[in-house]
Amino acid sequence: MTDIGIIAVGGYNEMGRNMTAIRVDEDIIIVDMGLRLDRVQIHEDVEIDKMHSLELIEMGAIPDDTIMKQVNGNVAAIVCTHGHLDHIGAISKLAHRYTAPIIGTPYTVALVKQQIESERKFGVKNRIIPVEAGGIYQVNDEVSIELIRVQHSIIDAVFVAVHTPAGAVLYACDFKLDRTPTLGEQPDFDRLRELGKEGVICMMVESTNAKRAGKTPSERIAHDMVRDVLLGTEESDVGMIITTFASHISRINSIIQFAEEMGRIPVLMGRSMDKYVVTAKDMGYIDFPDNVEIYGKRKDIDKAFKKIMKEGKEKYLPIVTGHQGEPGAILSRVAKGDTPYEIESGDRVIFSANVIPSPMTQANRYALETKIRMRGGRIYDNVHVSGHAYREDHWELLRLINPEHVIPAHGTIEMHSAYIEMAEDAGYVLGDTVHLLRNGEELYIEE
């Protein structure tokens, strides 16, 4: 008999600070160690390098892993599903407490290494092991970890299957069932189908967009939307500035291609642009035309803006951070008039990103848009598709995997309840086969 426990450490009460522990008898596999951005400063360029983990736990910014002391067993591995900060942002604060290797796909572990290198408070000495999507890491004779390729709004994302003598436990957080991605391959449906047939004891699955009807549009749709806004116009000589998630490599890749079509020089601006995009380029995930310019430091950005104003805004396409209206981000500085770049009547500001649904970000974004409009800027909003599965994608995955037990994760109680309703439609029973877990709780499954 195998004793399996699912420990909800973080991300079960909220969006962000994701961390789940899967216990197989005495072996524990931790999946993800994330940061809750809106508890620190809602910014992709967030700096927590010098802060102590206990201070961050108290703020609700990182998972409260002190509950792990009450769990019997040893942590054998820490696995990261992808490189977003709400999944890897706490590694530099917590991983040193565990004598376990950190595993992830090559792009993900490259970002993890950057996190660790910039850490000023703790020395993280864990071994870091890159495993390609489709690969397996053997924990011991009875337990192994398989990484299964999926699509999300960052490259090299995976599901994590922990194989045990009793069957697999699947962690399926942050995905979309995109059959026509613009970078990388579609999710590994064949392997997921096989896994379902082999038998999945329990699936933890994100519930972020579980209440949104239908299926998530493919990234190919966003590619066409962005092209339409940038190129589908008679007024092609106005200033244009576009903002998106720095980690959304496929979207940035599309924008760079369109800049070339427009005869404009793409200029990437922001510390996080520098980090995510240059890493992807260096690792061979994307190619740049020779004329791409990248500026990470504030003084270099301002110098570049000065050059753009001097040579003509119509010659350049700045791709910047700051779509959530984060104070101090580039777009906020432009809107306030704190940079040499001036928004004039008729200039376009294109948001290739959604507003993160928290009151603080919504307020920041509202203030940002108002400032842009006051300067005469034209706003193109939500030129974007989500990286998260909608309700019918969730239905499809649930039928594909057919787990014995299912646990909604990665979301608020409202998101979980939308998922539970959908799971009940598929024949699951709340408290029996579909479970609502809160941070700090463990679900025991005996097989």
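User: Two strands pair if DSSP finds at least two bridges between them. With that in mind, how many bridges join strand β10 to β11, and which residue is the bridge partner of tyrosine 171 in β11?

Analyst: This is a predicted model, and the reading applies to it as such. Strand β10 (residues 167–172) and β11 are joined by 5 bridges and run parallel. Within that pairing, tyrosine 171 has methionine 204 of β11 as its bridge partner. Strand β11 is also mostly covered, with 7 of its 7 residues buried.

User: In what order do the strands stand in the open sheet of 6 strands?

Analyst: The order is β7-β8-β9-β10-β11-β18, and the pairing is mixed. At the edges stand β7 (136–138) and β18 (405–409); each has a single partner strand, so one side of each lacks a neighbour in the sheet. From one strand to the next, the twist averages 15°.

User: How many bridges join β7 to strand β8, and what is the bridge partner of isoleucine 136 in β8?

Analyst: Strand β8 (residues 144–149) is joined to β7 by 3 bridges, and the two run antiparallel. Isoleucine 136 is matched there with glutamate 146 of β8 as its bridge partner.

User: Which helix packs on this sheet, touching β11 and β18?

Analyst: Helix α13 (residues 413–425) does so, in contact with β11 (200–206) and β18. The direction of α13 makes about 155° with that of β18.

User: Let us turn to the other sheet. Which strands stand at the edges of the open sheet of 7 strands?

Analyst: The strand order is β6-β5-β4-β3-β2-β1-β19, again written for an open sheet with mixed pairing. Its edges are β6 (128–130) and β19 (442–446), each with a single partner strand, so one side of each has no neighbour in the sheet. Ignoring direction, neighbouring strands are turned by 20° against each other on average. Strands β1 and β2 run antiparallel and share 6 bridges; across from alanine 8 stands threonine 20 in β2. Helix α4 (residues 106–118) lies across β5 (102–104) and β6, and runs at about 160° to β6.

User: How should the packing of two helices be read, and at what angle do helix α5 and helix α12 pack?

Analyst: Two packed helices are described by the angle between their axes and by the distance between those axes. Helix α5 (residues 189–198) and helix α12 (residues 391–401) pack at about 50°, with their axes 7 Å apart. The two helices are therefore oblique to each other. On the α5 side, the contact is made by Phe189, Leu192, Arg193 and Gly196; α12 contributes Glu396, Leu397, Leu400 and Ile401. By class, this contact has 5 nonpolar, 1 polar and 2 charged residues.

User: Which residues have the most contacts inside the largest nonpolar core?

Analyst: They are Ile30, Met33, Ile78 and Ile91, in a core of 61 residues. Helix α7 (residues 249–262) supplies the largest share of this core, 6 residues. Apart from it lies another core, of 31 residues, including Ile29, Val143, Ile201 and Met204.

User: Which residues does methionine 33 touch, not counting residues up to four places away in sequence?

Analyst: Its contacts beyond that range are Asn18, Met19, Ile78, His87, Ile88, Gly89, Ala90, Ile91, Leu94, Ala95 and Tyr98. Two of the residues named as most connected within the core, Ile78 and Ile91, are therefore among those that methionine 33 touches.

User: Is arginine 17 buried or exposed, and where is arginine 17 found?

Analyst: Arginine 17 is found in the loop between β1 (3–10) and β2 (19–24). Its phi is near 35°, a positive value in a residue other than glycine. With a relative accessibility of 12%, arginine 17 counts as buried, because buried means under 20% relative accessible area.

User: What is the phi of aspartate 156, and where is the place of aspartate 156?

Analyst: Aspartate 156 has a phi near 65°, a positive value in a residue other than glycine. Its place is in the loop between β8 and β9 (158–164). At 18% relative accessible area, aspartate 156 is buried.

User: Is serine 332 buried or exposed, and with which residues is serine 332 in contact?

Analyst: Serine 332, in helix α10 (residues 330–336), is buried, with a relative accessible area of 8%. Leaving aside neighbours within four places in sequence, serine 332 is in contact with Gly325, Glu326, Pro327 and Leu368.

Conventions:
Residues are numbered from 1 along each chain as its sequence is written. This is a predicted model: local features need pLDDT of at least 70, side-chain atom pairs count only at pLDDT 80 or more; totals for chains, interfaces and linings use all residues. Side-chain values use heavy atoms; hydrogens and water are left out. Axes are lines fitted to C-alpha atoms, for helices over the stretch in contact, and angles run from 0 to 180 degrees between N-to-C directions. Helices (H or I, at least four residues) and strands (E, at least two) are DSSP runs, numbered from the N terminus. Angles under 35 degrees count as roughly parallel, over 145 as roughly antiparallel, 65 to 115 as roughly perpendicular and the rest as oblique. Contact means heavy atoms within 4.5 Å. Ala, Val, Leu, Ile, Met, Phe, Trp, Tyr, Cys and Pro count as nonpolar, Asp, Glu, Lys and Arg as charged, and the others, Gly among them, as polar. A nonpolar core is a set of buried Ala, Val, Leu, Ile, Met, Phe, Trp, Tyr and Cys residues joined through side-chain atoms within 4.5 Å. Buried means under 20% relative accessible area, exposed over 50%, partly exposed in between (1.4 Å probe, protein chains only).
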